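Good morning, colleagues, and thank you for making the time. Please bring the sequence and the model up on your screens before I begin.

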Amino acid sequence: MSKRLGNRLAIWGCVTVLACSSALLPGAIFSNEIRTGDADGGWQLPYSAVTAASARPDASAPGPLALKPTRTAGEHAHAVVAAPAWPSARGQADGSSTGLFLPGSEALPVSGRVTEPAAPPPAPPSLPARPVEKPSPRPLSNRIVEYHLNAEFDAEGKLIHGTSSLTWKNPGSVPVQDLYFHLYPNAFESKKTTFMQESGGKLREDASTEDNYGSMKLISIQMLNGNETELTDRIEYVQPDDGNVHDRTLVKVPLPKAVAPGEQVTLLTSFTVQLPQVFARMGYAGDFMMAGQWYPKIAVYEPKGTRGQAEEGWNLHQYHGNSEFYADFGIYNVKLRVPVGYTVAASGFPTKPVVNDGKTRLYTFYADDVHDFAWAASPNFVYFEEPYATKDLPGVRIKLYLDPKHEHLKARYMTAAKKALARYSEWYGSYPYSTLSIVVPPENGNGAGGMEYPTLVTAWGAGEDNPSLELERVIVHEIGHQFFYGMVASNEFEEAWLDEGFTSYAEDRLMEKEYGVRSNRLVESSYITAPASLKLNAWNYAGHGNYAENVYTRAKLVLKAIEGQAGQETMNKIMRTYFQRWKFKHPSTEDFQRTVEDVTKSSWKEFFDQYVYGGMMANYEVTGIQTKKMTENGQTVYENSVKLRKLGGTVPSVPVRFHFADGTQIDKTWNGSESEIIYKLTHAAPLDWAAIDPQHTIVLENKRINGFMKTNVDTKLSVRWNMGIVKILETLFGWVAW
């Protein structure tokens, strides 16, 4: 799912304050009244607030800390789309996106954009495509479940009346006496539920209104065993995570007879769902409705060995403020009845023509090898459809269900979808389904936006007439979920990074490849203020911000760090191998580690222990500089000693730059493994400054505050500034000057 972090007004207010501070302090620090320190002095106090111009004798020459944008030129210029301005109405498509972009040879900076492109760049051209919507000729998954769902939407009462016939196959090796179901709509039935307590009635920037409630009521549960045994009086609501008796999002259903290994059982359930005003993935906004997680959904029974489980059993969790979902693959046959005039968008594809009886319309859908089914309905949808195919994509019907306000943006939505499907299929493996539906909610339905379901994604609500590249980014992100959520199907309760981090990594790669926009790793790493293990349960992070900071941004940076160590070509092989090995299964973090080690033929234990299982970031410090004036062979020389220290995780290659008063520059590489090292350099001039990683190649370094030291600074004004902030300001000022 897409995440939106922070309040733009607050962020830019802070940047403004910092900008004003940066304009004043350097002038004070480097005024003519400040005396230059003695080169013969002892260890100098560290100072990292030096601008690139002040850190070198010749301000006109490029300095090691300069971060100047370069204009795109030459043969690639035509392929570049300027990065968007910071969105005025809402945030980025995911928590890893910052709205600031590091300019490169094929990417323009934020301020390079004046207006949005008149037309989006073309997607890879389509091959002749006539995708046939029919059941898969062979199973792609283990198909543990088979649902036959019937639902009728009461538009006036905002109610869904439904029945579910579920057949579940026991995949384990022991008999199963009890079944468990997720009743996700019950997360909204009071302010005392676990979801509402943890989220405060808010998801992203979309808050629930006062007295806005939703719920699911189980009317009947029958076991179809020849006697049609009623089980409703047997059910028990359970709260395995927190013991909250007010939470009814997980229910236990004891069976009169255990299900033997390999055998199956069928339950017929009648239920109703009261939709809330949409704010957390499901609900209504006017006459628009989004039905996500809307039916009693059986939990996952994990056989021994699944995700490293020592013993088989149910994976049971409540609906939490941060967590998303986990389910088994199967088949869905679904009939949806809506008021006449309504159009339905749904997972899968239609199997029969729509039946209109004058009062209602009946839609019939089918989907196989998926682990969920979602649908949306509105009388206002503007519908478009295009077939699309490439050499890596056999053929898919891309279906747009647009809010009328965004009808004129059809080409941008369609192009983003084609780019995403084409590139992800090329990089990871073919998208195997015959359809992909994109729903654009109305402006007041944004609580349903930025979400993924099998073969169906939602965009942001149609709030802007001419949105920035945020429009494309959210489509690219959600379609990425079709691969790492939809097909790989990791456990989002317990290992959310395997979906969100991987999707954010893929999203960034595509946005750079297709739109010329490169995320600013320097800024993103500075966001990581409270790193935590990527293996935490989603609700065990210290709030929503900490959850998003880690499973989106830090997780993506971890993958970028693997890419940096392994190389781009090897990383491409790692990602493709992981996807191909684990699609239609339920992998774990350990499974991904084994994939990395298999492809690279080397151990990554230290890396994973520090940055994945542990909550570490890299942090290398220039501790001090000592300069001694000496005479050698009748010549005056200086012995310069620089002390470096490791304060965080290990990086195998740490660049260090030494700059001398005569303009000479020496670069060295530290293996980064020792806790401390002293470099001694004898030179004809004293050392001017030392900088760790001046080109910002260490992706997981988040505290650049201590990575730079200038030798000659008045001790009365010796302070450290966060280098990340300095670089942001320098970059912003560089762009403003254009």
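I begin with one side chain: Arg397 has a relative accessibility of 27% and therefore counts as partly exposed. Please bear in mind throughout that this is a predicted model.

What does Arg397 meet in a salt bridge? Its partner is the side chain of Glu385, at 3.8 Å from N to O. Arg397 belongs to strand 23, residues 393-402, and Glu385 to strand 22, residues 382-390, so the pair ties together parts that are 12 residues apart in sequence. Glu385 is likewise described as partly exposed, because its relative accessible area is 36%.

Strand 23 also holds Pro394. Is Pro394 buried or exposed? With a relative accessibility of 68%, Pro394 counts as exposed. If we set aside neighbours within four places in sequence, Pro394 is in contact with Ala389, Ser430 and Tyr431. There is also a long step in sequence to mention: Pro394 and Leu127 are separated by 267 residues, while their C-alpha atoms lie 9.0 Å apart in space.

Allow me now to turn to the whole chain. The protein has 738 residues, of which 59% count as buried. Its secondary structure comprises 11 helices and 33 strands. Among contacts with a separation of 6 or more, 74% are between residues 24 or more positions apart.

How many salt bridges does the structure hold? The count is 39, and I have selected two further pairs and one network for discussion.

The first selected pair is Glu507 with Arg473, whose closest N and O atoms are 2.4 Å apart. Glu507 sits in helix 5 and Arg473 in helix 4, residues 470-487, so this salt bridge ties together parts that are 34 residues apart in sequence. Both Glu507 and Arg473 are buried.

The second selected pair joins the side chains of Asp591 and Arg594, at 2.5 Å from N to O. Both residues lie in helix 9, residues 589-600, and because they are three residues apart, about one helical turn separates them. Asp591 is buried, with a relative accessible area of 6%, whereas Arg594 is partly exposed, at 43%.

Which residues are linked in a network of salt bridges? They are Glu302, Arg307, Glu494, Glu495, Lys535 and Glu590.

My last topic is helix packing, and here we return to the helix that carries Glu507. Helix 5, residues 497-515, packs with helix 8, residues 568-582, at an angle of about 135°, and the two axes are 13 Å apart. That angle makes helix 5 oblique to helix 8. The crossing of these two helices is left-handed.

Which residues of helix 5 and helix 8 meet? On the helix 5 side they are Leu498, Phe502, Tyr505 and Arg509. On the helix 8 side they are Gln568, Met571, Asn572, Met575 and Tyr578. Sorted by class, this contact contains six nonpolar, two polar and one charged residues.

To close, I would ask you to keep two items in view. One is the buried pair of Glu507 and Arg473, which ties helix 5 to helix 4. The other is the left-handed crossing of helix 5 and helix 8. Thank you for your attention.

Methods. Residues are numbered from 1 along each chain as its sequence is written. This is a predicted model: local features need pLDDT of at least 70, side-chain atom pairs count only at pLDDT 80 or more; totals for chains, interfaces and linings use all residues. Side-chain values use heavy atoms; hydrogens and water are left out. Axes are lines fitted to C-alpha atoms, for helices over the stretch in contact, and angles run from 0 to 180 degrees between N-to-C directions. Helices (H or I, at least four residues) and strands (E, at least two) are DSSP runs, numbered from the N terminus. Angles under 35 degrees count as roughly parallel, over 145 as roughly antiparallel, 65 to 115 as roughly perpendicular and the rest as oblique. A crossing is left-handed if the near helix is turned anticlockwise from the far one by less than a right angle, and right-handed if clockwise. Contact means heavy atoms within 4.5 Å. Ala, Val, Leu, Ile, Met, Phe, Trp, Tyr, Cys and Pro count as nonpolar, Asp, Glu, Lys and Arg as charged, and the others, Gly among them, as polar. A salt bridge is a side-chain nitrogen of Lys or Arg within 4 Å of a carboxyl oxygen of Asp or Glu. Buried means under 20% relative accessible area, exposed over 50%, partly exposed in between (1.4 Å probe, protein chains only).
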